[in-house]
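The following explanation is meant to be read alongside the sequence and the coordinates. It proceeds from the overall fold to the sheet, the helices and the nonpolar cores.

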Amino acid sequence: MAYVTSAGAAAPGPDGCIFCDALASRDDRGNLLLRRGPKAFLLLNRYPYASGHVMTAIGRHVASLEETTPDEIGQAMELVKTAVRALARAYAPDGFNIGLNQGRAAGAGVPGHLHIHVVPRWSGDVNFMPIVGDTRVLPETLDVTYDRLLAALGT
């Protein structure tokens, strides 16, 4: 129920960026942050399209691929690979949607901070709820997903 009542209501902190706020905090569980790296980090999407929907984000506040360094984008992609391996162990999906949306016109929910989505998919998982009711159906809470992926990451 908390997901339903809070969706769309999350306000960024004082600096205005949910990713920067999560990285600056030491409450990794509260921020759903799964892994920190020197140049990028991995966290759960608070409003997922499917159980296990994670994102890698560049540690520095940049809005576009052109602004990233090779080390930053390289580490973000290594975390994408790490996420795919962990999701495969924890959920055994049939496939993955992996991508980034650069800019609000392209669908970026946080257009000022570059991030890459990793969404596990299963054959036949698309249902009518997102289309007809603008509603997502998830079989587990974010706390359960966090614990499953943390265990699968081996941390």
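The paragraphs below describe the fold and its packing.

The model is a predicted one. The protein contains 5 helices and 5 strands, and along the sequence these elements follow the pattern α-α-β-β-β-α-β-β-α-α. Of its 155 residues, 35% count as buried. Among contacts with a separation of 6 or more, 62% are made by residues 24 or more positions apart.

The sheet is a suitable place to begin. Its 5 strands form an open sheet with antiparallel pairing, in the order 1-2-3-5-4. Strand 1 (33–36) and strand 4 (95–99) occupy the edges; each has a single partner strand, so one side of each lacks a neighbour in the sheet. From one strand to the next, the twist averages 15 degrees. Within the sheet, strand 2 (residues 40–44) and strand 3 (residues 54–58) run antiparallel and are joined by 5 bridges. Leu43 stands opposite Met55 of strand 3.

Helix 5 (residues 142–153) packs on this sheet, where it touches strand 1, strand 2 and strand 3. The direction of helix 5 makes about 30 degrees with that of strand 1. The length of helix 5 can be checked against expectation: at 1.5 Å a residue, its 12 residues should span 16 Å, and the end C-alpha atoms are indeed 16 Å apart. Which residues of helix 5 are buried? They are Thr145, Tyr146, Leu149, Leu150, Ala152 and Leu153. Viewed down the axis of helix 5, the buried residues fall within an arc of 160 degrees, and therefore they line one face of the helix. Their packing partners are strand 1, strand 2, strand 3 and helix 3 (70–91). Just after helix 5, Gly154 adopts a positive phi of about 75 degrees.

Helix 3 may be treated in the same manner. At 1.5 Å a residue, the 22 residues of helix 3 should span 32 Å; the end C-alpha atoms lie 31 Å apart, which agrees. The buried residues of helix 3 include Glu72, Gln75, Leu79, Ala83, Leu87 and Tyr91. The buried residues of this helix pack against strand 1, strand 2, strand 3, strand 4, strand 5 and helix 5. Just after helix 3, Ala92 takes a positive phi of about 50 degrees.

The nonpolar interior can now be considered. The largest nonpolar core has 24 residues, and those with the most contacts inside it are Leu34, Leu42, Leu44, Val54, Leu87, Tyr146 and Leu149. Two or more residues of this core come from each of strand 2, strand 3, helix 3, strand 5 (115–121) and helix 5. Helix 3 gives the most to the core, with 8 residues. Leu42 offers a detailed view of the contacts: leaving aside residues up to four places away in sequence, Leu42 touches Leu32, Leu33, Leu34, Arg35, Val54, Met55, Thr56, Leu79, Ala83 and Leu153. A second, separate core comprises 9 residues, including Cys20, Ala22, Phe41 and Met55.

In summary, helix 5 packs on the sheet, and the buried residues of helix 5 also pack against helix 3.

Key: Residues are numbered from 1 along each chain as its sequence is written. This is a predicted model: local features need pLDDT of at least 70, side-chain atom pairs count only at pLDDT 80 or more; totals for chains, interfaces and linings use all residues. Side-chain values use heavy atoms; hydrogens and water are left out. Two strands pair if DSSP finds at least two bridges between them. Helices (H or I, at least four residues) and strands (E, at least two) are DSSP runs, numbered from the N terminus. Axes are lines fitted to C-alpha atoms, for helices over the stretch in contact, and angles run from 0 to 180 degrees between N-to-C directions. Contact means heavy atoms within 4.5 Å. The expected span of a helix is 1.5 Å times one less than its number of residues. Buried means under 20% relative accessible area, exposed over 50%, partly exposed in between (1.4 Å probe, protein chains only). The arc is that of the directions from the helix axis to the C-beta atoms. A nonpolar core is a set of buried Ala, Val, Leu, Ile, Met, Phe, Trp, Tyr and Cys residues joined through side-chain atoms within 4.5 Å.
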